[in-house]
Number of protein chains: 2
Amino acid sequence: MSLDHILLGMLAAPASGYDIKRGFSEGSRHFWSAELSQIYPALKKLEERGWLESRLEPPARGPRRRVYHRTTEGRTELLRWLTAGPQMGTQRFAYVAQLFFMHELDDLEATSDFMLELRSRLEEFLALLRQAELDIAGPDGARLDDLSGEDFHVYLAVRMGVRSLRSRVDWCDEALAHIERRRRPHAVAGGAQAQDRQDRKERRRG
Amino acid sequence: MSLDHILLGMLAAPASGYDIKRGFSEGSRHFWSAELSQIYPALKKLEERGWLESRLEPPARGPRRRVYHRTTEGRTELLRWLTAGPQMGTQRFAYVAQLFFMHELDDLEATSDFMLELRSRLEEFLALLRQAELDIAGPDGARLDDLSGEDFHVYLAVRMGVRSLRSRVDWCDEALAHIERRRRPHAVAGGAQAQDRQDRKERRRG
DNA sequence: ATGACCATGTAATCCGTTACATGATTCG
DNA sequence: CGAATCATGTAACGGATTACATGGTCAT
C-alpha cells in the first residue's frame, strides 16, 4: 500500500492525524489525498506494526492531541519504499471516460460545453499549484538555487502538478479547436493556420 | 460510481465480460482499467438493476459466452451520466509522492536514477498511445476530418493521453536538468541558456 | 448560549486487487 | 497428450468514501 508510506513520509516531524490532513490540503493535493477517517485507523495500524509511536499531548490550551512520531523501523521502511523504484499505479480519469463515450449524445455542442466546463475547473486547480510554486521558488524561480534539499524535492513534485495541469488545459483548447472545426467544416481557408497561431501562443506561456 | 457507467458505455454493441476486458487493454488504459474479477460481478449487478440484459450464447465453436446488451433504462442512465458535467475524481500518483519525500535519502544521485527510470517507463507508455493515435487519425492527422463521431471522440480522449504522458516526460527532463545543475553548482556560465535551448527543443516536438 | 472550528474516532458500505477454481478448445 | 488460450466465475482481503458520534474551545 502507499498511504502507509505517505504517512511515514509526512511524519518527518511529529504530528497528529489532523496535522497530516492539513498537510495534504496545502501542496500535495495533486498527487495524493486522504480523509481523516482513513488517516486515523491507518496511523493506529502503523503503530501496531511498530513503525510509529504516539503520545497524548497534555491539552495546555485546546483539545487533546495524539501526536505520532516515526520509530527507527518506520524510517527504515520509508527508505526501503523510496529506493524500490517508481511505483506506477493505475490512473483513473472519469472525465476522459465521459468524453470517450460522448458520441452517444450525438451533439457536438454538448461536447463543447463539457470541455469548456472541464477547462475552467482545471484552470482553477492550476492557479492553486502555480501559487504553491511561487511560494517555494519565488518569481521566475529566483530562489531556486537556495532551496534546501527538502524544498527542492517538494519543488520538483509541484512542477509535475503545474506541467500536468497545464497540459490538460492545453488539451482542452486543442479539443475545442477540433470541435469548432468539425462544427463548421466549410469555414474560410486557414483552419490549420489558426491552430498554428494558437500553438505558438500556448508555447509562449511556458 | 464510475465503473458501472464505463461498462454501460462499452456496451454500445452487445459484448461479454471478456470482450470488455479486451476493450480496456487497447485504447483506454490511460484513463481506466478493470480486472475480470471486478467486471463480472459488476455486470451481474447492472443486470439486477435493469440497466443490462444478458443471454448465454450457444457455443457453436468455443466455450459458452454470456453476452450483455443495454436496456433502454441502461442507455438513459448512460446519457444522464454523460450530461452530468465532468466528474473530477481524486488523483493518486505514488511516484510523485516518492519524489516529494526523497530528500530523506539525502542523495541527489538516487533522485536522478529515480527520475531516469521513471522517464523510461513513461516513454514506453507514451509510445503505445502514439500508436493508438496513429491508428485512428493517420500520420499528421491526415484522416482527422473523415472520422466518424465515435472515432472523433475516441481521438480526443487518446490525445489527452498523449499530451499528458508527454508533459510528464518533459517534466522528467526538466527535473533531471535541475538535479544536474544542483549537483555541479559552479559549472561554466549559461545554465539558464542551456535550459532555454532545451525548452525550444521540447516545443518543436509538439 | 450559539455557532464555528479544533480534534479524534467508529461504522457501514463500496471499490478494487489478488488468488483461487473450473472447464472447454485449439495447437503442436 | 500437454500447454496455451478462451471464458466465466467466487472468495478473501484491503483501500477509500460517506455518514455518524463525541466533546472541547473560542469568538460574538
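## Two copies, one axis

Copies here are superposed by least squares on the C-alpha atoms of residues with pLDDT of at least 70 in both. Done that way, chain B lands on chain A with an RMSD of 0.1 Å, after a turn of 180° and a shift of 0.0 Å along the axis. The two copies are thus related as by a two-fold rotation axis.

A quick word on the ground rules: this is a predicted model, where local features need pLDDT of at least 70 and side-chain atom pairs count only at pLDDT 80 or more, while totals for chains, interfaces and linings use all residues. Residues are numbered from 1 along each chain as its sequence is written, and chains are lettered from A and ligands numbered from 1 in the order in which they are written.

## Where the chains meet

Chain A and chain B put 61 residues each into their contact (two residues are in contact if their C-beta atoms, placed from the backbone, lie within 7 Å). On the chain B side, α1 (3-10), α4 (72-82), α5 (94-101), α6 (108-137), α7 (149-183) and α8 (191-205) each bring at least two residues. Helices (H or I, at least four residues) and strands (E, at least two) are DSSP runs, numbered from the N terminus. The top contributor is α7(B), with 19 residues.

By class, that side of chain B holds 28 nonpolar, 19 polar and 14 charged residues. Ala, Val, Leu, Ile, Met, Phe, Trp, Tyr, Cys and Pro count as nonpolar, Asp, Glu, Lys and Arg as charged, and the others, Gly among them, as polar. Since 100% of the interface residues of chain B are also interface residues in chain A, the copies meet through the same surface.

## Around the DNA

DNA strand D has 22 residues around it, the closest being A:Met1, A:Ser37, B:Ser16, B:Tyr18 and B:Ser37 (a residue is near a molecule or strand if its C-beta atom, placed from the backbone, lies within 6 Å of it). The largest share of this surface, 4 residues, comes from α3(B).

DNA strand C is likewise surrounded by 22 residues, and here A:Ser16, A:Tyr18, A:Ser37, B:Met1 and B:Ser37 come nearest. Two or more residues apiece come from α2 (17-27), α3 and β3 (65-70) of chain A, and from α3 of chain B. For strand C, α3(A) gives the largest share, 4 residues. The surface near strand C splits into 9 nonpolar, 8 polar and 5 charged residues.
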